[in-house]
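Here's a quick briefing to read with the model open beside you. Have a look at the fold first, then work through the points by topic.

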Amino acid sequence: MSTPCIICVAITGSLPRKADNPAVPITVSEQIESTHAAFEAGASIVHAHVRNDDETPSSDPEKFAALKEGVEKHCPGMIVQFSTGGRSGAGQTRGGMLPLGPDMASLSVGSNNFPTRVYENPPELVDWLAAEMLSYSIKPEIEAFDLSHILKAADMHRRGQIKDTPYVQFVMGVKNAMPADRQVFDFYVQTVKRLFGEKAQWCAAGIGANQLVLNEWSVSSGGHARTGLEDNIRLSKTQLAPSNAALVQRVADICAQHHRPVATASQARRILGIA
Ligand SMILES: [Zn+2]
């Protein structure tokens, strides 16, 4: 039987606004409600950013705390993953919520370009974020925007900066960074297996219309899948996604086509080694 597929839902992000898609959850209570519906549809990880009331990105630990508490209450066992990437340039405030001890946090280990700016991840900040995650027993998810980021994760693992086998997410389709290129994707998978072993777990995210493409590639190649309004607000060129749950359902349908069960929260914890 094939490994159950872990579906991660990236509910909000730091960019999409209500004006782009009214289903983007902004307040903490909207986020909890949206996460709950996504959980019921099969998501076992929630990747979260928080926002101010005017929809601008926030790093307020109190908002992260309220979100974590709500998700733990309404979505039993669901893995809570905080983003440390959302406010590039903000330095250590990007990790100010890590003492709350979420199950996971995203960790970008190198810099690259984004559509309109540089996504800055200087070495000393990467080291500091990794050390914080180690000290609060938070499992990092390595965001690989480029091949070098996978090799950097291997180096950090060798040095003891990342405790367990790195769990890498390939991010493709960000304008000015790595496009959704099938040969690169296959080489990423090969590289993860070469560095971390055949059984190493990995996942992938595609931006915009590439979300569906990456969902199909990941599910059919034995990886795990990320979806959600952070990365893509549409079901098709002409149709907005009505909810995060609808995007999760789309991945669950792909899993059914490929005869992969959708991981429950407890299966996802077992697969990722999260207590
Ligand atoms: Zn994010």
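One cut-off before we start: a residue is called buried if 20 or more other C-beta atoms lie within 10 Å of its own, exposed if 12 or fewer, and partly exposed in between. By that yardstick Ser-137 is exposed, because it has 11 other C-beta atoms within 10 Å. Keep in mind that this is a predicted model. Confidence runs high, with an average pLDDT of 97 over the protein chain.

**The chain overall**

- The protein chain folds into eight helices and 14 strands. Its radius of gyration is 17 Å, close to the 19 Å that the globule rule gives for 275 residues, so the chain is as compact as a globular protein of that length.
- Measuring tape out: the C-alpha trace spans about 45 × 40 × 40 Å along its principal axes.
- Of the 275 residues, 48% count as buried.
- Contacts reach a long way along the sequence: among those between residues at least 6 apart, 70% join residues at least 24 apart.
- On confidence, 99% of the residues score at least 70. Among the elements, β1 has the highest mean pLDDT (99), while strand β4 (residues 57-58) has the lowest (94).

**Around β1**

- Strand β1 (residues 7-10) sends Ile-7 and Val-9 one way and Cys-8 and Ala-10 the other, and all of them are buried. As a reminder, side chains in a regular strand alternate between the two faces of the sheet.
- β1 runs parallel to strand β2 (residues 43-48), and four bridges join the two. Val-9 has Val-46 in β2 as its bridge partner. To get from β1 to β2 the chain passes through helix α1 (residues 28-41), in a β-α-β crossover that is right-handed.
- β1 also pairs with strand β12 (residues 224-227), again in the parallel sense, over three bridges. Here Cys-8 stands opposite Arg-226.

**Around β9**

- Strand β9 (residues 139-144) is mostly covered, with six of its six residues buried. Lys-139, Glu-141 and Glu-143 sit on one side and Pro-140, Ile-142 and Ala-144 on the other, so to speak front and back, and both faces are covered.
- Five bridges link β9 to strand β6 (residues 104-108) in the parallel sense. One to look at is Leu-107, whose bridge partner in β9 is Ile-142.
- β9 also runs parallel to strand β10 (residues 167-172), joined by four bridges. Ala-144 has Phe-170 in β10 as its bridge partner. The route from β9 to β10 goes through helix α4 (residues 147-158), and this β-α-β crossover is right-handed.

**The nonpolar core**

- The largest nonpolar core has 78 residues, and the members that touch the most others are Ile-7, Val-9, Ala-43, Val-46, Val-168 and Val-248. Helix α7 (residues 244-257) supplies the largest share of this core, seven residues.
- In soluble globular proteins, nonpolar side chains tend to be buried together.
- What does Val-168 touch, not counting residues up to four places away in sequence? The list is Ile-142, Ala-144, Ile-150, Ala-153, Val-192 and Trp-202.

**A closer look at Ala-205**

- Ala-205 lies in strand β11 (residues 202-206). It counts as buried because it has 27 C-beta neighbours inside 10 Å.
- Leaving aside neighbours within four places in sequence, Ala-205 is in contact with Gln-169, Val-171, Leu-214, Arg-226 and Asp-231.
- Ala-205 and Pro-122 are 83 residues apart in sequence, and their C-alpha atoms are 23 Å apart in space.

**Two positive phi angles**

- Glu-55 isn't a glycine, yet its phi is positive, at about 80 degrees. Glu-55 sits in the loop between β3 (50-51) and β4. Is Glu-55 buried or partly exposed? With 17 C-beta neighbours inside 10 Å, Glu-55 counts as partly exposed.
- Ser-137 is another residue other than glycine with a positive phi, near 55 degrees. Ser-137 is found in the loop between α3 (123-135) and β9.

Note on methods:
Residues numbered from 1 in each chain as written. Pairing = 2+ DSSP bridges. Right-handed = clockwise from strand over helix to strand, strands pointing away. Core = buried A, V, L, I, M, F, W, Y, C linked by C-beta atoms within 7 Å. Contact = placed C-beta atoms within 7 Å. pLDDT = per-residue confidence, 0-100. Rg over C-alpha atoms; globule rule 2.2 N^0.38 Å.
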